[in-house]
Amino acid sequence: GNQATSENHKLNEHPKILQALGGEKIVWAGRVTQLAGVRSKEMKVRVLVVSDSAVYKVRAEALGKIKRRIDFKDLNQISFNLSNNNFIMHCTKYDYRYTSVDCNEVVEKIKEARQKWTERNPNFPGLKGP
């Protein structure tokens, strides 16, 4: 609903996140749930931050702490399933699985940012898939 949207908007401008990214332009930020996978047996709430050159995984309880930076050159494909709001970022070394009520929006924002990045970095292939 609208509450999530306004909360995500605040995350876009959160000083700790802005500071942690050190001047990279934030395209989208919001809470997602990381699905259990090979590395982790339980689901965890994370803040995903999409910048103009990477996707960041940030601890929801410590917004200044970046858990991981996924450089766009390592992001090869995104698949998603709107029936259960799951999406997967297929990266060179690992697949990151998430679920979010904003699934459609976050996937669009990542694809859009990755496309713009590809235009600036033509040596790297674009995203695979639809």
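Here are three short exercises, with worked solutions, on the predicted model above.

**Exercise 1. Work out how the sheet is put together, and find which strands are the edge strands.**

Step 1: start with the order. The open sheet has seven strands, running 4-3-2-1-7-6-5, with antiparallel pairing.

Step 2: look for strands that pair on one side only. Those are strand 4 (62-71) and strand 5, so to speak the two ends of the list.

Step 3: add the twist. Ignoring direction, neighbouring strands of this sheet are turned by 35° against each other on average.

Step 4: put the helix on. Helix 3 (residues 103-120) packs on the sheet and touches strand 1 (26-34), strand 2, strand 3, strand 4, strand 5 and strand 6. The direction of helix 3 makes about 160° with that of strand 5.

**Exercise 2. Follow strand 6 (residues 86-91) and its pairings: is it largely enclosed or open?**

Step 1: take the strand 5 side. Strand 5 (residues 75-81) runs antiparallel to strand 6, and six bridges join the two. Along this pairing, F80 sits opposite F87 of strand 6.

Step 2: check the turn. The hairpin of strand 5 and strand 6 has four residues between the strands, and N85 there takes a positive phi near 65°.

Step 3: switch to strand 7 (residues 95-99). Five bridges tie it to strand 6, again antiparallel, and I88 has R97 as its bridge partner. The hairpin from strand 6 to strand 7 goes through three residues.

Step 4: count the buried residues, meaning those under 20% relative accessible area. Five of the six residues in strand 6 qualify, so the strand is largely enclosed by the rest of the structure.

**Exercise 3. Find which residues of the largest nonpolar core touch the most other members, and which element gives the most to it.**

Step 1: pick out the hubs. The core has 20 residues, and L48, F87, M89 and I110 touch the most other members.

Step 2: sort by element. Strand 1, strand 2, strand 5, strand 6, strand 7 and helix 3 each supply at least two residues. Helix 3 gives the most, with six.

Step 3: zoom in on L48. Leaving out residues up to four places away in sequence, its contacts include W28, V32, V55, F87, M89, Y98 and V106.

Step 4: don't stop at one core. A second, separate one has 12 residues, among them L11, L21, V49 and Y56. As a general backdrop, nonpolar side chains in soluble globular proteins tend to be buried together.

How values were computed: Residues are numbered from 1 along each chain as its sequence is written. This is a predicted model: local features need pLDDT of at least 70, side-chain atom pairs count only at pLDDT 80 or more; totals for chains, interfaces and linings use all residues. Side-chain values use heavy atoms; hydrogens and water are left out. Buried means under 20% relative accessible area, exposed over 50%, partly exposed in between (1.4 Å probe, protein chains only). Two strands pair if DSSP finds at least two bridges between them. Axes are lines fitted to C-alpha atoms, for helices over the stretch in contact, and angles run from 0 to 180 degrees between N-to-C directions. Contact means heavy atoms within 4.5 Å. A nonpolar core is a set of buried Ala, Val, Leu, Ile, Met, Phe, Trp, Tyr and Cys residues joined through side-chain atoms within 4.5 Å.
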